[in-house]
Amino acid sequence: MDSWLVTIAQLPTEDPAARMRVLRTLESLGAGVMREGAYLLPDTAANRQALEKLSDYIVKSAGAAQVLRVSATTPAQQETLRRLFDRSARYEALIKTVESLRVGFGHSDPSAISRVLHKQRREFEAIAALDFFPTDARTRAEQALHAADAAVKKLLFASSQTSLRAGERLLRRAWATRNPPWADRLACAWLIRRFVDPEATLTWMEKNEDPPSGALGFAFDGAHFAASGARVAYEEMLVQLGLAKNPALAKIGTIVHFLEMGGSAVPEAAGVQMLLQGAQRRSTNVPELLAEAEKTFDLLYEAYYEPARKQ
């Protein structure tokens, strides 16, 4: 890539909001800062279009901007410009975080580790989207994620599960899971109260707390409905209780699976994640959070059930 786009901008001074929007847009494009008011990007059609649009916005906001196409005059200058886009430090930080997860193998809840790993995968994708000149750091980060993902799946496969007894009564039972509540545990609790045991008593245990006597456990190691290497606890519950043929419940399962384990992207997952995270911030206790989460899963079920019924 021999040519570059240089944006020379005098940002609006009377409108701090507009100024901040310009700077955030440049950051989101991955622009390198040459000096104050001079920003660099590789010369691509997408970058040209984005910078021309941004330039128009700056002018309309009482600023001034020019987008220039330039070329380096020497190989050394070209290398200096490329170094403005070196993402190695961010990849190294990600690798360090991913490798630190191994400390929890055998001690922490595998599904909790999987959630952290999923977050790091999204971070990798964000870095890679703005990595115009990939180095071996990107390859090593991807390999670290792949190795950690495989290791966590082995932990999940090794997870023991208590079998239901033949003819086990499921109504008016005590049900137990562990804190912290997130997508899988919240979805299981919703499924129990809506489709399995409307009068269920739910207990949210701390890490080393034993389940109440006679309680049915879900979404933790050793529970009656525990995650496996292939399925989250919600999906296991659907299979064991004969609910997997309900297409609306199964569709919700693909969202929960992606939020907990990653894998094939589900378009609705980002919106559900945002709603659940918002519910976490607003709620002061688990019952409040569960009530908010149930509203989200109710809406999903209604959205998926009617189209599926008509097919």
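Colleague: Why are H9 and H10 called roughly perpendicular to each other?

Modeller: Keep in mind that this is a predicted model. In it, H9 and helix H10 (residues 269–282) pack at an angle of about 70°, and their axes are 10 Å apart. The perpendicular label covers 65 to 115 degrees. An angle of about 70° falls in that range, so H9 and H10 get the label.

Colleague: Which residues of H9 and H10 meet?

Modeller: From H9 you have Ile-255, Phe-258 and Leu-259, and they meet Ala-269, Val-272, Gln-273 and Leu-276 of H10. The residues of this contact of H9 with H10 divide into six nonpolar, one polar and no charged.

Colleague: What makes Gln-273 the polar one in that list?

Modeller: Gln is neither among the nonpolar types nor among Asp, Glu, Lys and Arg, so Gln-273 of H10 lands in the polar group.

Colleague: Moving on, what makes H7 roughly parallel to H8?

Modeller: The axes of H7 and H8 cross at roughly 30° and come within 8 Å. The cut-off for roughly parallel is under 35 degrees, so H7 and H8 qualify. On the H7 side the contact uses Asp-184, Ala-187, Cys-188, Trp-190, Leu-191 and Ile-192, while H8 brings Ala-233, Tyr-234, Met-237 and Leu-238. The residues of the contact of H7 with H8 split into nine nonpolar, no polar and one charged.

Colleague: How do you know which residue of the H7 and H8 contact is charged?

Modeller: Asp counts as charged, so Asp-184 of H7 is the residue in question.

Colleague: Why is H8 called mostly covered?

Modeller: Helix H8 (residues 233–240) has eight residues, and six of them are buried. Those six are Ala-233, Tyr-234, Glu-235, Glu-236, Met-237 and Leu-238. The name "buried" is used under 20% relative accessible area, so each of the six falls below that value. Among what covers them are E5, H7 and helix H9 (247–261). After H8 comes Gly-242, with a positive phi near 70°.

Colleague: How does H7 run relative to E6?

Modeller: Helix H7 (residues 183–196) lies across E5 and E6, and its angle to E6 is about 170°. Anything over 145 counts as roughly antiparallel, so that word fits H7 and E6.

Colleague: And how do you know that E5 and E6 pair?

Modeller: A pair needs at least two bridges. Strand E5 (residues 174–178) and E6 have five, in the parallel sense, so they count as paired. One bridge joins Ala-174 to its partner Thr-201 in E6.

Colleague: What makes strand E6 and strand E7 edge strands?

Modeller: They belong to an open sheet of three strands, in the order E6-E5-E7 with parallel pairing. Strand E6 (201–205) and strand E7 (216–217) each pair on one side only.

Colleague: Which strands does E1 pair with, and in what sense?

Modeller: E1 pairs with strand E4 (residues 64–71) in the antiparallel sense over eight bridges. E1 also pairs with E3 in the antiparallel sense, over five bridges. Gln-10 has Ala-64 in E4 as its bridge partner, and Trp-4 has Pro-42 in E3. Strand E1 (residues 3–10) is mostly covered too, with six of its eight residues buried.

Colleague: Now the backbone. Why is Ala-62 called exposed?

Modeller: The relative accessible area of Ala-62 is 70%, and exposed starts over 50%, so the word applies. Ala-62 is in the loop between helix H2 (45–60) and E4. Its phi is positive, about 75°, although Ala-62 is not a glycine.

Colleague: What about Arg-172: buried or exposed?

Modeller: Arg-172 has 58% relative accessibility, which is over 50%, so it counts as exposed. Arg-172 sits in the loop between H6 and E5, and its phi is positive, near 55°. Most residues other than glycine have a negative phi.

Colleague: How do you know that the peptide bond from Asn-179 to Pro-180 is cis?

Modeller: Omega of that bond is near 0°. Pro-180 is in the loop between E5 and H7.

Colleague: Last one: which elements have the lowest and the highest mean pLDDT?

Modeller: Helix H6 (residues 136–158) is lowest at 83, and strand E3 (residues 38–42) is highest at 96. Over the protein the mean pLDDT is 88, with 91% of residues at 70 or more.

Note on methods: Residues are numbered from 1 along each chain as its sequence is written. This is a predicted model: local features need pLDDT of at least 70, side-chain atom pairs count only at pLDDT 80 or more; totals for chains, interfaces and linings use all residues. Side-chain values use heavy atoms; hydrogens and water are left out. Helices (H or I, at least four residues) and strands (E, at least two) are DSSP runs, numbered from the N terminus. Contact means heavy atoms within 4.5 Å. Axes are lines fitted to C-alpha atoms, for helices over the stretch in contact, and angles run from 0 to 180 degrees between N-to-C directions. pLDDT is the predictor's confidence in each residue, from 0 to 100. Buried means under 20% relative accessible area, exposed over 50%, partly exposed in between (1.4 Å probe, protein chains only).
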